[in-house]
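Trainee: Got a minute? I'd like to go through this model with you.
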Amino acid sequence: MTASALIVAAGRGERLGSDRPKAFAVLAGRPMLEWALDALRDSPQIGEIVVALPEGYDAPDGCIGVRGGAERSHSVRAALAASTGDPILVQDAARPMLTPEIVASCLAAVAQDGVDAAIAAAPVTDTIKEAAGGDVVRTLDRSVLWAVQTPQVFRRAALEAALSQPDEVLAAATDDASLVEAAGGTVRVVPTPASNLKVTTPHDLEIAELLLRSSTR
Ligand code: C5P
């Protein structure tokens, strides 16, 4: 079956301090959203692209546009409802370093037997500690920790079931895979470079700009 890609681009991105929604902030001469779109348009497995947009923004060429929701998961749910494919690839517009190779690895992983979702992730390089009230409670075992990114690819039925939960459950989820995990689904990590970064702050925007200008894209 043909895959659908959902790009969530409806966030305000206040920490970036831009005069427009983050997905439309200018990155290396183009709206940020266009970089992830390039990689999806260059991926032959992707049959349609649905973009969750802020109010007042039109769908990019060749894409289906839907209005985003109050929280990220609500935007994913709105885009899923407008899509027809299986599996479903979910991508943050705020991750401009997506490549067709990353798309292909995640799609291949979700096609394996018994896998409900496959998520791009990089091994953690910092030591991670849990703290409460400013004091360390414990140090986590770094060897088993992954920093999770997008794309996250799902069998359609698994994502539909995960997103059919009440609004408040969705609002608390920082990624879609956690909703599938909570339902007992099998989520596989797909090792991806840490350079597949998310743009949150002006510093991230500078790093992404340097990486994009020095790449062959
Ligand atoms: O704010 P953050 O960087 O975590 O958002 C991740 C992605 O989710 C961004 O691409 C943003 O546009 C999108 N988003 C959305 N709808 C929301 C909130 C965030 O589409 N309500």
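Mentor: We'll take the overall fold, then the core, the ligand and a few odd spots.

Trainee: Ground rules before we begin?
Mentor: This is a predicted model: local features need pLDDT of at least 70, side-chain atom pairs count only at pLDDT 80 or more, and totals for chains, interfaces and linings use all residues. Residues are numbered from 1 along each chain as its sequence is written.

Trainee: How many helices and strands does the protein chain have?
Mentor: Seven helices and 11 strands. Helices (H or I, at least four residues) and strands (E, at least two) are DSSP runs, numbered from the N terminus. The radius of gyration is 17 Å, close to the 17 Å that the globule rule gives for 217 residues, so the chain is as compact as a globular protein of that length. That radius is taken over C-alpha atoms, and the rule is 2.2 Å times the number of residues to the power 0.38.

Trainee: What box do the C-alpha atoms fill?
Mentor: Roughly 50 × 40 × 35 Å, along the principal axes.

Trainee: And how much of the protein chain is buried?
Mentor: 40% of the 217 residues. A residue is buried if 20 or more other C-beta atoms lie within 10 Å of its own, exposed if 12 or fewer, and partly exposed in between; C-beta atoms are placed from the backbone.

Trainee: Now the core. Which residues have the most contacts inside the largest nonpolar core?
Mentor: L6, I7, A9, M32 and A117, in a core of 60 residues. Helix α1 gives the most to this core, with six residues. A nonpolar core here is a set of buried Ala, Val, Leu, Ile, Met, Phe, Trp, Tyr and Cys residues joined through C-beta atoms within 7 Å. In soluble globular proteins, nonpolar side chains tend to be buried together.

Trainee: What is M32 in contact with?
Mentor: Leaving aside neighbours within four places in sequence, its partners include F24, L27, A93, P96 and V199. Contact means that two C-beta atoms, placed from the backbone, lie within 7 Å.

Trainee: A93 is on that list. Where is A93?
Mentor: In the loop between β6 and α3. A93 counts as buried because 30 C-beta neighbours lie inside 10 Å. Beyond four places in sequence, A93 is in contact with residues including I7, V8, M32 and L33.

Trainee: Switching to the ligand. Which residues are closest to the ligand?
Mentor: V8, A10, G11, S75 and A93, out of 19 that surround the ligand. To count as near, a residue needs its C-beta atom, placed from the backbone, within 6 Å.

Trainee: How do the residues of that shell divide?
Mentor: Eight nonpolar, six polar and five charged. Ala, Val, Leu, Ile, Met, Phe, Trp, Tyr, Cys and Pro count as nonpolar, Asp, Glu, Lys and Arg as charged, and the others, Gly among them, as polar.

Trainee: S75 is in the ligand shell. Which residues of α2 are buried?
Mentor: R72, S73, S75, V76, R77, A78, A79 and L80. Eight of the 10 residues of α2 are buried, so α2 is largely enclosed by the rest of the structure. Its cover includes β1, β4, β5, β6, α4 and α5.

Trainee: And which residues of α3 are buried?
Mentor: I102, V103, C106 and V110. They cover an arc of only 100° around the axis, which puts them on the same side of α3. The arc is that of the directions from the helix axis to the C-beta atoms. The cover over these buried residues includes α1, β6, β7, β10 and β11.

Trainee: V190: buried or exposed?
Mentor: Buried, with 20 other C-beta atoms within 10 Å. V190 is in strand β11. Among the residues V190 touches are S105, C106 and A109.

Trainee: Backbone oddities next. Which bond joins T150 and P151?
Mentor: A cis peptide bond, with omega about 10°. P151 lies in strand β10. The bond from D86 to P87 is also cis, with omega near 5°. P87 is in the loop between α2 and β6.

Trainee: What is phi of A28?
Mentor: Near 50°, a positive value in a residue other than glycine. A28 lies in the loop between β2 and β3. Most residues other than glycine have a negative phi, and most peptide bonds are trans.
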